[in-house]
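Biologist: I would like to learn how to read the features of a model such as this one, one at a time. Could we go through them with the general idea and then the case at hand?

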Amino acid sequence: MTTTATPTTTAGPVGGSAISYSRTTATAARVLRQLRHDPRTIALMILIPCVMLFLLRYVFDGSPRTFDSIGASLLGIFPLITMFLVTSIATLRERTSGTLERLLAMPLGKGDLIAGYALAFGTLAIIQSALATGLAVWFLGLDVTGSPWLLLLVALLDALLGTALGLFVSAFASSEFQAVQFMPAVIFPQLLLCGLFTPRSAMHPALEAISDVLPMSYAVDGMNEVLKHTDVTATFVRDALIVAGCALLVLTLGAATLRRRTP
């Protein structure tokens, strides 16, 4: 009697826990290839912040100082909003189409997927922030006391924060419409309480306390530091670290809450 040995298959860790550089970069490359065939999304991410800044400059054409006072803050806020919208919808689309479930059935962990998305959209965020900063400073005449490179740094951190928030909230939406609905809940309160319209110290104490835990408040504070000081201040470093830390925290939460599919 002949005995046929059953081959032993060693499967890779489904949804592996450790983040792999090769899997992360492969995920980022796949996302960028998909975005390359979606010119409307690229236009939304890269051109819309520039268009908004251009309109803002000429809305305050008779009052250049007003543009100087709020232009830098909006230079960080516009990228955050656009990256939030695009990332939340793109991630949700991956899940509803079943792509995410197929990917996570492979040796691709949630951390690899989230890091890959962050890398892909972070690459676009660099382009977006550089174009918006260059337009505001060298074409629209935004007058800043500090280095424009510091403005670019905060704008980039804001765009990465928007990416992280978009990845996080996509786990709680079951449709693209619901993903957009998260914007009033996540973005608008920060927009109202960040100090853009009035100093946070002039708000009701309860609202000031809430604003102290919202990352957009520190993004606006960081931009204001660049507007007022020639050197890098301790407050600027604190604000930049808080925004970066919030982005990293939200990315971690996004990896923990990511679902394979939408019921």
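Modeller: Let us begin with Phe84, which is placed in helix α4; bear in mind throughout that this is a predicted model. Phe84 counts as buried because its relative accessibility is 0%, and the cut-off for that class is under 20%. Along the chain Phe84 and Met183 are 99 residues apart, yet their C-alpha atoms are separated by 8.1 Å.

Biologist: Which residue of helix α6 can be read in the same way, by its burial and by a partner that is distant in sequence?

Modeller: Val137 lies in helix α6 and has a relative accessible area of 13%, so it is classed as buried. Its C-alpha is 9.9 Å from that of Asp68, with the two positions 69 residues apart in sequence numbering.

Biologist: Where do Ser20 and Arg200 lie with respect to the helices?

Modeller: Ser20 belongs to the segment before α1, whereas Arg200 is found in the loop between α9 (188-193) and α10 (205-211). Ser20, at 15% relative accessibility, counts as buried, and Arg200, with a relative accessible area of 14%, is buried as well. From C-alpha to C-alpha, Ser20 and Gly116 are 9.9 Å apart in space while being 96 residues apart in sequence; for Arg200 and Asp212, the separations are 8.7 Å in space and twelve residues in sequence.

Biologist: How many helices and how many strands does the protein chain have, and what share of its residues is buried?

Modeller: The secondary structure of the protein chain comes to twelve helices and zero strands, so that reading the elements from the N terminus on gives α at each step. Of the 263 residues in the chain, 49% are buried.

Biologist: Let us turn to empty space. How much of it lies in the largest pocket, and which residues are closest to the centre?

Modeller: The general idea is that rolling a probe the size of a water molecule over the atoms shows where empty space is left. Here the largest pocket holds about 350 Å³ of space. Its lining consists of 16 residues, and those closest to the centre of the pocket are Leu35, Asp38, Thr41, Ala90 and Arg93.

Biologist: Which helices supply that lining of the largest pocket, and what is its chemical character?

Modeller: At least two lining residues come from each of α1 (21-36), α2 (39-46), α4 (64-96) and α6 (110-139), and α4 gives the most, with six residues. By character, the lining of the largest pocket divides into nine nonpolar, three polar and four charged residues.

Biologist: How many aromatic pairs does the structure hold, and how are their geometries read?

Modeller: The structure holds three aromatic pairs. One of them joins Phe54 and Tyr58, whose rings are 5.0 Å apart, centre to centre, with 55° between the planes, and this pair is tilted. Phe54 and Tyr58 are four residues apart in helix α3 (residues 48-59), and therefore about one helical turn separates them. Phe54 counts as partly exposed, at 36% relative accessibility, and Tyr58 is partly exposed too, with a relative accessible area of 40%. A second case is Tyr117 with Phe121: the ring centres are 6.0 Å apart and the planes are at 20°, so this pair is stacked.

Biologist: Are Tyr117 and Phe121 buried or exposed, and how far apart are they along helix α6?

Modeller: Tyr117 counts as buried, at 3% relative accessibility, and Phe121, with a relative accessible area of 0%, is buried as well. In helix α6 the two are four residues apart, which means a separation of about one helical turn.

Biologist: Which rings does Arg57 sit over?

Modeller: Arg57 lies over the face of Tyr58, at 5.2 Å from the ring centre. The charged end of Arg57 also sits over the ring of Phe67, 6.0 Å from the centre of that ring. Tyr58 thus takes part in two kinds of contact, the tilted pair with Phe54 and the placement of Arg57 over its face.

Biologist: Finally, how many disulfides are found in the structure?

Modeller: A disulfide is a covalent bond between the sulfur atoms of two cysteines. A search of the whole structure finds zero disulfides. Among its cysteines, Cys50 counts as buried, at 13% relative accessibility, and Cys194 counts as buried, at 0%.

Note on methods
Residues numbered from 1 in each chain as written. Predicted model: local features only at pLDDT ≥ 70, side-chain atom pairs only at ≥ 80, totals over all residues. Heavy atoms only, no water. 1 Å grid on protein atoms, 1.4 Å probe; cavity = no way out; pocket = protein on both sides within 12 Å on 5 of 7 lines; lining within 4 Å. Points joined across faces, edges and corners; volume = space filled by probe spheres on them. Nonpolar A, V, L, I, M, F, W, Y, C, P; charged D, E, K, R; others polar. Disulfide = S-S within 2.5 Å. Buried < 20%, exposed > 50% of the residue type's maximum accessible area, 1.4 Å probe, protein only. Phe/Tyr/Trp six-rings, centres within 6.5 Å; stacked < 30°, edge-to-face > 60°. Lys NZ or Arg CZ within 6 Å of the ring centre and 35° of its normal.
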